[in-house]
Amino acid sequence: MDRWIAATLGPALRRAPGAPTAVDLGYGAAPWTAVELHARLSAVRPDVRVVGIEIEPDRVAAALPYARPPGLSFRRGGFELPLEGGARPLLVRAANVLRQYGEAEVAAVWERLCGRLAPGGLLVEGTCDEVGRRHVWVALGPEGPRTVTFAARLAGLERPGELAERLPKALIHRNVPGEPVHAFLADFDRAWAAAAPYAAFGARQRWAAACAALAGSWPLTGPRSRWRLGEVTVEWAAVAP
């Protein structure tokens with residue numbers, strides 16, 4: 001996810017005036033995701049400021065020894081994004097945050113977070129497995145949702161449909177016949193099966209061949225070079241409920 005963010009948001013990070021701010025919202029019991037996000041983004045923009053935000057005071061206290069001001073800091077808060085001086089972040093990343101919320105609550109949270117973004121900013125909200133090897137996220141701008149990205153460590157992946165377990169809250173209950181996201185994953189599985197001969201050359205080649213076939217009927221977006229990384233991105237409107 002961080003790799004995709006750095007590539008997608010890189011141009012906006014480089015041209016942002018001043019030191020741009022990125023938020024890791026709901027980083028969890030340990031601060032590693034915020035630390036890793038800072039490392040990834042600072043390679044693109046050295047003066048980027050990453051703020052880890054958590055609602056639990058104990059988690060904030062445990063993270064403070066890993067702070068490296070002004071580049072990496074931690075504070076208590078939630079969807080209000082309590083940033084110093086009312087700063088508007090260029091990025092808000094919320095991984096595994098909305099999974100405990102109801103589907104009907106998602107749109108309001110998205111709207112609230114998008115309303116805090118700086119011009120040209122990005123909200124990335126999704127769900128991953130415990131070790132980050134299977135992940136699905138929605139990318140949103142100030143105007144709302146734009147794309148959905150499916151990403152996996154391809155070694156050990158039997159079929160793309162296994163990513164259904166990691167659909168974000170807005171989509172996970174929609175993986176049923178008659179819904180667009182279900183049709184997308186079914187087509188992806190068929191394309192993956194048809195690309196079986198490419199498995200002799202490796203999982204990356206098979207994934208890329210399946211994505212190429214999928215592009216014939218679904219509005220995939222982003223550079224095709226991302227496919228070899230185990231990613232594929234589709235326009236939100238194509239899979240939206």
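Reader: Why is Thr233 called buried?

Author: Its relative accessible area is 8%. The cut-off for buried is under 20%, so Thr233 qualifies. Bear in mind that this is a predicted model. Thr233 sits in strand S9.

Reader: What does Thr233 touch, once you leave aside its neighbours within four places in sequence?

Author: Trp4, Thr147, Val148, Thr149, Pro219, Leu220 and Thr221. For Thr149 there's a polar contact too, side chain to side chain, at 2.7 Å. The limit for a polar contact is 3.5 Å, so that pair makes it. Pro197 is another story: 36 residues along the chain from Thr233, with 23 Å between the C-alpha atoms.

Reader: Trp4 came up there. How do you know that the length of helix H1 agrees with its number of residues?

Author: H1 covers residues 2–15, which is 14 residues, and at 1.5 Å a residue they should span 20 Å. The end C-alpha atoms are 19 Å apart, so the two values agree.

Reader: Where does H1 have a kink?

Author: At Leu9, shortly before the proline Pro11, and the kink is about 60°.

Reader: Which residues of H1 are buried, and what do they pack against?

Author: The buried ones are Asp2, Trp4, Ile5, Ala6, Leu9, Gly10, Ala12 and Leu13. Their packing partners are helix H2 (32–42) and the strands S4 (91–95), S5 (122–128), S6 (134–141), S7 (144–152) and S9 (231–235). Leu9, then, is both the site of the kink and one of the buried residues.

Reader: On to an acidic residue. What makes Asp24 buried?

Author: A relative accessible area of 2%. Buried needs under 20%, so Asp24 is in. Asp24 lies in strand S1 (residues 21–25), and a polar atom of its side chain is 3.0 Å from the backbone nitrogen of Ala34. Not counting residues up to four places away in sequence, Asp24 touches Thr33, Ala34, Leu37, Val51, Gly52, Ile53 and Arg93.

Reader: And Trp192, why is that one called buried?

Author: Trp192 comes out at 4% relative accessible area, and the line is drawn at 20%. Trp192 therefore counts as buried. You'll find Trp192 in helix H6 (residues 180–194).

Reader: Which backbone oxygen does the Trp192 side chain reach?

Author: That of Glu158, at 2.9 Å. Glu158 also shows up among the contacts of Trp192 beyond four places in sequence, with Leu157, Arg159, Pro160, Ala203, Arg206, Trp207 and Ala210. Thr147, 45 residues away in sequence, is 21 Å from Trp192, C-alpha to C-alpha.

Reader: Which residues touch the most other members of the largest nonpolar core?

Author: Leu25, Trp110, Val148, Phe150, Phe184 and Trp207, out of 52 residues. Take Leu25: leaving out residues up to four places away in sequence, it touches Ile53, Gly78, Phe79, Leu81, Val92, Arg93, Ala94, Ala95, Val97 and Leu113. There's also a second, separate core of 30 residues, which includes Trp4, Ala22, Leu37 and Ala95.

Reader: How do you know that the structure holds zero disulfides?

Author: A disulfide needs two cysteine sulfur atoms within 2.5 Å. For Cys128, the nearest cysteine sulfur is that of Cys211, 20 Å away. For Cys211, the nearest is that of Cys128, again 20 Å away. So neither makes the cut-off.

Reader: Why do Cys128 and Cys211 count as buried?

Author: Cys128 has 12% relative accessibility, while Cys211 has 0%. Both values fall under 20%, so both count as buried.

Reader: What makes the phi of Leu81 worth a remark?

Author: Most residues other than glycine have a negative phi. Leu81 has a positive one of about 50° although it is not a glycine. Leu81 lies in the loop between S3 and S4, and with a relative accessible area of 1% it is called buried. Asn96 also has a positive phi, about 60°, and is not a glycine either; its place is the loop between S4 and helix H4 (103–114).

Reader: What kind of peptide bond joins Pro69 and Pro70, cis or trans?

Author: Cis, with omega at about -5°. Most peptide bonds are trans. Pro70 is in the loop between helix H3 (57–63) and strand S3 (72–76).

Conventions. Residues are numbered from 1 along each chain as its sequence is written. This is a predicted model: local features need pLDDT of at least 70, side-chain atom pairs count only at pLDDT 80 or more; totals for chains, interfaces and linings use all residues. Side-chain values use heavy atoms; hydrogens and water are left out. Helices (H or I, at least four residues) and strands (E, at least two) are DSSP runs, numbered from the N terminus. The expected span of a helix is 1.5 Å times one less than its number of residues. The bend at a residue is the angle between axes fitted to the seven residues ending there and the seven starting there. Buried means under 20% relative accessible area, exposed over 50%, partly exposed in between (1.4 Å probe, protein chains only). Contact means heavy atoms within 4.5 Å. A polar contact is a pair of N or O atoms within 3.5 Å; within protein, one must be able to donate a hydrogen and the other to accept it, and residues adjacent in sequence count only if both atoms are side-chain atoms. A nonpolar core is a set of buried Ala, Val, Leu, Ile, Met, Phe, Trp, Tyr and Cys residues joined through side-chain atoms within 4.5 Å.
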